[in-house]
Amino acid sequence: MGVGIEVKNLNAWYGTNHTLQDINLNIPANHATALIGPSGCGKSTFVRCLNRMHETNPIARVTGSVRIGDIDIYADAKPVQIRRRVGMVFQRPNPFPTMSIYDNVASGLKLNGYSNRRVLDEIVEKSLKNSALWDEVKDDLRKKSGASLSGGQQQRLCIARALAVDPEVLLMDEPASALDPVSTSKIEDLIFQLKSQYTIVIVTHNMQQAARVAEKTGFFLNGRMVEFDATHKIFTNPSDKRTEDYITGRFG
Amino acid sequence: MSAETFKFRTRMRTLTDSAVTALSILATVLVVAPLVAIFAYLVFKGASSLNLDFFTKIPKPEGESGGGMANAIVGSGILLGVASLLGVPIGIGGGIFLAEFGRGTKFANAVRFTADVLNGVPSIVMGLAVYSLVVVQQKTFSAFAGGVALGIMMIPTVCRTTEEMLLMVPHAVREAALGLGVPNWRSVLSITVKTASPGIITGCMLAFARVAGETAPLLFTALGNSFMSTSLNHPIEALPLQIYIFANSPYDDQHRLAWAGSLVLIVLIVLAVSLVRYVTSRGVLKGAS
């Protein structure tokens, strides 16, 4: 089951560049939350702070607190523990090129030392079914490389890989921006199904996508969160002038 | 643009295209030609002296005909085995450090510079260095000393290729592993190195093939041995050493053996490289890049 996320006074830097400034928000459990905003507004940096991927860049720095469930991820835990509970899907599909489809899905468990073959088989099947890829790949699980799939299939493979470690939160950083419309709608259907079991945070440039999949939407601008509210409110009756300008296409 | 100019430009483009294609074919021929020529000449000069004795007998005393190079073939195998055991793990380990753990540090830059300098050290100097460090200490020439000299020569090639191949692994692949909660060291060993492994293996093979034909570093280390020896603590024969000595001798029989030995050396290197490629390419998946 998913858990809620509570962000307090979050600030992030790349070198001297203050990319996130005083972010405060509560992301509800078992819902999809969309983050929108123009390029460079800090929304990708924000999701990367939620699983401590931000700090893998040597010049990056973070202050403030992020609570996921009952854990303060910056005070109580190591990055690797957090990343097992908070899965991530990246903008460009990034399956492991030397691994089979099966090994890609099992990789998170195998690399953390898990080796019970029967249980792995079950988890791989369940994860691929959850990511709506099972029927397309079930005959080639061990024969084909993850890199041999189409772009849309690769992205669903990456979602399966993230689901296999049984996270509570799933972060998606523009998961459909490199895909064609058919693959995009498959990913959106998937988000719709998955949000009953996981807390989903999705960064997107596509406002229709945010409107279709998310109950809540946050609008980021220049490293600050301008507005965070129910999606229908953001898109029909935003409280902030800047949000209105952005969603009506007057800038960005 | 008039139709005339358009036609003229199209013709010029077709011409340029043909010219560049022809040049690249010529370059390819020039690359392949020396290898083919050398190999053909070796077959021509050496193949007739190849027989079962060559692979099973040790050399006859000077002036007698017959005999073979069994001791040199076995010796080269042992020397290259010792060299690979030393050079491959140290080289790969160093490459991993340079690309993954030490990137950007002063120490890593110093290591990289040292490896490049080591790569440029003449092989005879390598032999002398190992002579004073190993042979003098052990008080005997030995297969071990020869293997150490060749192994040290393998390190820089293996190290630098490993580093370059690791740096070519896309950042996205590393992020994918870290994003799954895999510790960095595990991600480096199981994902990054694995993804780069075809290139790393090529680097090891290049280093192997290069030292397999080295003579100079063995002169003061392995020394040579006219009898069959498999001991690491005694002088040992090697194909390039034996070829060098026989080619300089005044006897026709030994000249013929030297030609045959050269042919065998090249064939063995090609076989070893192909075997490693075959073994490591099995299990590769369809569509893996």
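**Entry 1: the chain contact**

I began with the two chains and found 20 residues of chain B in contact with 26 residues of chain A. I note here that the model is predicted. Next I asked which elements of chain B give two or more residues to the side that touches chain A. They are α7 (171-179) and α8 (184-212) of chain B. α7(B) gives the most, with six residues. I then sorted the residues on this side of chain B by type: 10 are nonpolar, six polar and four charged.

**Entry 2: the six-stranded sheet of chain A**

I moved to chain A and traced its strands. Six of them form an open sheet, in the order β6-β7-β8-β3-β9-β10 (chain A), with mixed pairing. Which strands stand at the edges? I found β6 (86-89) and β10 (224-230) of chain A there, each pairing on one side only. From one strand to the next, the twist averages 20°.

I checked what packs on this sheet. Helix α1 (residues 43-50) of chain A does, touching β3, β6, β7 (169-173), β8 and β9 of chain A. The direction of α1(A) makes about 150° with that of β8(A). α6(A) lies across β6 and β7 of chain A, and it runs at about 170° to β6(A).

**Entry 3: strand β3 of chain A**

I looked up β3(A) in detail. Is this strand, residues 32-36, mostly covered or mostly open? Mostly covered: five of its five residues are buried. Ala32(A), Ala34(A) and Ile36(A) point one way from β3(A), while Thr33(A) and Leu35(A) point the other way. Burial holds for all of them.

I followed the pairing on each partner. With β8 (residues 199-203) of chain A, β3(A) pairs in the parallel sense over four bridges. There, Ile202(A) is the bridge partner of Ala34(A). With β9 (residues 216-221) of chain A, β3(A) also runs parallel, and four bridges join the two. Opposite Thr33(A) I found Lys216(A) of β9(A). Leu35(A) has Gly218(A) as its bridge partner in β9(A).

**Entry 4: edge strand β6 of chain A**

I then went to β6(A). Both of its faces are covered. Val86(A) and Met88(A) lie on one side, Gly87(A) and Val89(A) on the other, and all are buried. β6(A) pairs with β7(A) in the parallel sense over four bridges. One pair I picked out joins Val86(A) to its bridge partner Val169(A) in β7(A).

**Entry 5: the four-stranded sheet of chain A**

I turned to another open sheet in chain A. Four strands form it in the order β2-β1-β4-β5 (chain A), and the pairing is antiparallel. β2 (17-27) and β5 (71-72) of chain A each have a single partner strand, so one side of each is left without a neighbour in the sheet.

I checked the β5(A) end. β4 (residues 60-68) of chain A pairs with β5(A) in the antiparallel sense over two bridges. Ile68(A) stands opposite Ile71(A) of β5(A). I also met α1(A) again: it lies across β1 (5-14), β2 and β4 of chain A, at about 65° to β2(A).

**Entry 6: helix α4 of chain A**

I tested the length of α4(A). At 1.5 Å a residue, its 14 residues (117-130) should span 20 Å, and the end C-alpha atoms are 20 Å apart, which agrees.

Which residues of α4(A) are buried? I listed Ile123(A), Val124(A), Ser127(A) and Leu128(A). These buried residues cover an arc of only 125° around the axis, so they sit on the same side of α4(A). They pack against α3 (101-110), α5 (134-137) and α6 (151-164) of chain A. On the other side of α4(A), I found Arg118(A), Val119(A) and Glu122(A) exposed. After the helix comes Ala132(A), with a positive phi near 60°.

**Entry 7: Thr236 of chain A**

Last, I looked up Thr236(A), which is found in helix α9 (residues 231-236) of chain A. Is Thr236(A) buried or exposed? I counted 10 other C-beta atoms within 10 Å, and the cut-off for exposed is 12 or fewer. Thr236(A) is therefore exposed. I also took its C-alpha to C-alpha distance to Ile247(A): 9.3 Å in space, with the two 11 residues apart in sequence.

Key. Residues numbered from 1 in each chain as written. Chains lettered and ligands numbered in written order. Predicted model: local features only at pLDDT ≥ 70, side-chain atom pairs only at ≥ 80, totals over all residues. Contact = placed C-beta atoms within 7 Å. Nonpolar A, V, L, I, M, F, W, Y, C, P; charged D, E, K, R; others polar. Buried ≥ 20, exposed ≤ 12 C-beta atoms within 10 Å, placed from the backbone. Pairing = 2+ DSSP bridges. Expected span 1.5 Å × (residues − 1). Arc of directions from axis to C-beta. Axes fitted to C-alpha atoms, helices over the stretch in contact; angles between N-to-C directions.
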